[in-house]
Amino acid sequence: MSTPSYKYPLGEGLYLDIFSLDPKIWEGEISTIATSLEGKANLDLGNLSKTIIKKGHIDSIQQLKLIPEQGKYNVPSPLQPYREAIQKDWDSKGRFNGPVLIATGEIANPLRVIQGGYYDFAATKLSNKPADLLPEVYQEGETVGEILTKNGINLEKRARYFGLAHLIWPSNGEEFLLVQRAKGMGIAADCISTPGSTPDLVLNSVGLTKSGFGITEWWSYHLAEEMKDEFNLRWGDFWTTDMLLFDDREMIPFGAINIFTNLSAKEIAERAYGDSRVLKEHTILYSMKSEAINNFLQKYPVLPAIAKALESYT
């Protein structure tokens, strides 16, 4: 099945191809999206370097080692009421406090982590305003970051869970792919970014040792599940190569992992079109020749962390 698509000029003979994955979004709407976003790039890579810092390079994700700390993460005491309120509110809405790996030190390999939950991240997200949920406890308009600073607590004490950004290279690296992330996503909702994932690993179930270890089998399982959910791809359709490590001082630390496929972006879109699992993640694909990445970044708004990760490829 041919999916609705639109080709938009990026200059210098380069083009942006936009594919709808949602049967409700047709070609006319795609062209409107393209024109409405052009010229709204919000990037200054020099300033991004102050908050989004490249920390290292790993030849493959299988080489990433973990050093676990004993116990579980606890949010700083001034935010405990907010953490409890989030759990009560979100549990009542059917949400789930999924397991996350919280980085406790430098973002490096091996990575020192402690077990945490997604609610811990939500309760320590720097831009959140706890008074929106607990006006009787917190000052109106005051952010989590301001609360931590006021109480003399280092911002690094927040729940910095480790995430993965999936840098997808169709056509064996000749193209690069971005997505319009769905509105309900916990990180980077409703924006142009890469797909990504949260390693929902439970530390005590995978045989961790004090010296750390390579969890090769688990990473393979995780990425296979993610590619199935994101694009209806399976092992054999894609392979992974190296990964860059970043510390985003305002959001979360992450690994930007390169994922290649022989399939073209058009073929990926056709596989994913109308798939209910995929639509929970994203509704539109943006693809371009790899040499067009810089032109795209100069014209379109992209999640800052991803723009910084792409700096190495422009």
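The expected span of a helix is 1.5 Å times one less than its number of residues. Helix H3 of this predicted model can be held up against that yardstick: the 13 residues of H3, 80-92, reach 19 Å from the first C-alpha to the last, close to the 18 Å expected. Within H3, the buried residues are Tyr 82, Arg 83, Ala 85, Ile 86 and Trp 90. Seen down the axis of H3, these buried residues fall within an arc of 165 degrees, so they line one face of the helix. The face turned away from that buried side carries Glu 84, Lys 88 and Ser 92, which are exposed. On the buried side, the packing partners are two further helices, H4 (118-124) and H5 (144-150). Just after H3 comes Gly 94, with a positive phi of about 80 degrees.

Helix H1 (residues 27-37) can be described in a similar way. Its buried residues are Ile 30, Ser 31, Ala 34 and Leu 37. Viewed down the axis of H1, they fall within an arc of 145 degrees and so line one face of the helix. Strands and a helix both take part in the packing here: the buried residues of H1 pack against E1, E2, strand E9 (192-193), strand E13 (282-289) and helix H10 (293-299). Just after H1, Gly 39 takes a positive phi of about 85 degrees.

Further along the chain lies helix H8 (residues 265-272), where Ala 265, Ile 268, Ala 269 and Ala 272 are buried. These residues cover an arc of only 100 degrees around the axis, which puts them on the same side of H8. A glycine with positive phi is found after this helix too: H8 is followed by Gly 274, with phi near 75 degrees.

Two of the residues of helix H8 appear again among the contacts of Leu 177, a residue of strand E8 (residues 175-181). Leu 177 has a relative accessible area of 0%, and is therefore buried, the limit being under 20%. Leaving aside neighbours within four places in sequence, Leu 177 is in contact with Ala 265 and Ile 268, and also with Ile 168, Pro 170, Phe 231, Leu 285, Tyr 286 and Ser 287. Between Leu 177 and Ser 20, which are 157 residues apart in sequence, the C-alpha to C-alpha distance is 13 Å.

Ile 259, in strand E12 (residues 254-261), is another buried residue, with a relative accessible area of 1%. Not counting residues up to four places away in sequence, Ile 259 touches His 166, Leu 167, Ile 168 and Trp 169, together with Met 227, Phe 238, Trp 239 and Thr 240. Ile 168 is thus a contact of Ile 259 as well as of Leu 177. The C-alpha atom of Ile 259 is separated by 8.5 Å from that of Asp 242, a residue 17 places away along the chain.

Several features of the backbone also deserve a look. Most residues other than glycine have a negative phi, and most peptide bonds are trans. Glu 12 has a positive phi, near 60 degrees, and is found in the loop between strand E1 (5-11) and strand E2 (14-20). This glutamate is exposed, with a relative accessible area of 73%. Asn 172 also has a positive phi, of about 55 degrees, but lies in helix H6 (residues 170-173). At a relative accessible area of 46%, Asn 172 is partly exposed. The peptide bond from Asn 109 to Pro 110 is cis, with omega near 5 degrees. Pro 110 is found in the loop between strand E5 (99-103) and strand E6 (111-117).

Finally, the interior was examined for enclosed space. Rolling a probe the size of a water molecule over the atoms shows where empty space is left. The count comes to 1 cavity of 30 Å³ or more, and the largest cavity has a volume of about 40 Å³. Its lining consists of Phe 121, Thr 124, Lys 125, Leu 126, Arg 158, Ala 159, Arg 160, Glu 250 and Met 251. By character, the lining residues divide into 4 nonpolar, 1 polar and 4 charged. Helix H4 (118-124), against which the buried residues of H3 pack, contributes to this lining through residues including Phe 121.

Methods
Residues are numbered from 1 along each chain as its sequence is written. This is a predicted model: local features need pLDDT of at least 70, side-chain atom pairs count only at pLDDT 80 or more; totals for chains, interfaces and linings use all residues. Side-chain values use heavy atoms; hydrogens and water are left out. Helices (H or I, at least four residues) and strands (E, at least two) are DSSP runs, numbered from the N terminus. Buried means under 20% relative accessible area, exposed over 50%, partly exposed in between (1.4 Å probe, protein chains only). The arc is that of the directions from the helix axis to the C-beta atoms. Contact means heavy atoms within 4.5 Å. On a 1 Å grid over the protein atoms alone, a cavity is a set of points where a 1.4 Å probe fits but cannot get out, and a pocket is an open set with protein on both sides within 12 Å along at least five of seven lines; lining residues have an atom within 4 Å of a point. Grid points are joined across faces, edges and corners, and a volume is the space filled by probe spheres set on the points. Ala, Val, Leu, Ile, Met, Phe, Trp, Tyr, Cys and Pro count as nonpolar, Asp, Glu, Lys and Arg as charged, and the others, Gly among them, as polar.
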